[in-house]
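Welcome, and please open the model in your viewer. We will walk through it stop by stop, with something to select at each one.

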Amino acid sequence: MNEIKKEFEVNNPATGVLLSKHVSHTENEVNEIFKKAREAQKIWAEKSFTERAKHIEKIKQYLKTNADKIASTISKCTGKTKIDAMATECLPCLLACDYYAKNTQRVLKPVTCQGTDRKSTRLNLQSPYDLV
């Protein structure tokens, strides 16, 4: 199949200023990206909660160190003010990283629940369905 790549522009919606030009991925390239992401998810799922927390902490530190630059990029690409980008994008990501690094083991641990008939029990396992 001969797939055509299309060029597209990213403009600041508040000013109309051209920010960048990009070339789209082909369908085959997108499929390959998802294939690699699914393979990475399997590796991630095998990591202990402690290992995952260390990686999430690194992400949090990166976001914290680069929050100003990230907020500027979000502002340019969405038309939000830089303060709005910081408050609605950067800060929630930092808080989520902090929460999940500290609480993932508790949130994802198997839970035994009593059945509605008060006699049976069931085990609820929290596991990812697919890529998010």
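## The whole chain

Begin with everything shown: of the 132 residues in the protein, 14% are buried, where buried means under 20% relative accessible area, exposed over 50%, and partly exposed in between (1.4 Å probe, protein chains only). You are looking at a predicted model, in which local features need pLDDT of at least 70 and side-chain atom pairs count only at pLDDT 80 or more, while totals for chains, interfaces and linings use all residues. Residues are numbered from 1 along each chain as its sequence is written, and side-chain values use heavy atoms, with hydrogens and water left out.

Now colour by secondary structure. There are four helices and four strands, taken as DSSP runs and numbered from the N terminus (helices are H or I with at least four residues, strands are E with at least two). Following the sequence, you will meet them in the order β-β-α-α-α-α-β-β.

Switch on the surface if you like. The accessible surface is about 10,600 Å², and carbon and sulfur atoms account for 57% of that; the areas come from the Shrake-Rupley method with a 1.4 Å probe, and for residues only the protein chains shown count as cover. As for contacts (heavy atoms within 4.5 Å), take those between residues at least 6 apart in sequence: 34% of them join residues at least 24 apart.

## First stop: the hairpin

Select residues 7–11 and 18–23. These are strands β1 and β2, which pair in the antiparallel sense over five bridges; two strands pair if DSSP finds at least two bridges between them. Show side chains to see who faces whom: Glu-7 is opposite Val-23, and Phe-8 is opposite His-22.

Next, move to the turn. Six residues lie between the strands of this hairpin, and Gly-16 has a positive phi near 80 degrees.

Stay in this loop and select Asn-12, which sits between β1 and β2. Is Asn-12 buried or exposed? Asn-12 counts as buried because its relative accessibility is 10%. Leaving aside residues up to four places away in sequence, Asn-12 touches Val-17, Leu-19, Ser-75, Lys-76 and Gly-79.

## Second stop: helix α2

Select residues 49–65, which make up α2. This helix has 17 residues and reaches 24 Å from its first C-alpha to its last, close to the 24 Å expected at 1.5 Å a residue; the expected span is 1.5 Å times one less than the number of residues.

Which residues of α2 are buried? They are Arg-52, Ala-53, Ile-56, Lys-60 and Leu-63. Looking down the axis of α2, you will find these buried residues within an arc of 95 degrees, so they line one face of the helix; the arc is that of the directions from the helix axis to the C-beta atoms. An α-helix has 3.6 residues a turn, so residues three or four places apart point the same way.

Rotate to the face of α2 turned away from the buried side, and exposed Lys-54, Lys-58, Tyr-62 and Thr-65 come into view. The buried residues of α2 pack against α1 (27–46), α3 and α4.

## Third stop: helix α3

Select residues 67–78. The twelve residues of α3 should span 16 Å at 1.5 Å a residue, and the end C-alpha atoms are indeed 16 Å apart. Buried in α3 are Ala-67, Ala-71, Ile-74 and Ser-75. Their arc around the axis is only 100 degrees, which puts them on the same side of α3. Their cover includes α2 and α4 (82–108).

For contrast, pick Lys-69, also in α3: Lys-69 is exposed, with a relative accessible area of 60%. Draw a distance from the C-alpha of Lys-69 to that of Met-86, 17 residues along the chain, and you should read 9.9 Å. Just after α3 comes Gly-79, with a positive phi near 85 degrees.

## Last stop: helix α4 and the cysteines

Select Pro-92, which lies in α4. Pro-92 is partly exposed at 35% relative accessible area and touches Met-86 and Ala-87, not counting residues up to four places away in sequence.

Finally, highlight the cysteines. How many disulfides does the whole structure hold? The search finds zero, a disulfide being a pair of cysteine sulfur atoms within 2.5 Å. For Cys-97, the nearest cysteine sulfur is that of Cys-93, 6.7 Å away. Cys-97 is buried, at 11% relative accessible area, whereas Cys-77 is partly exposed, at 38%.
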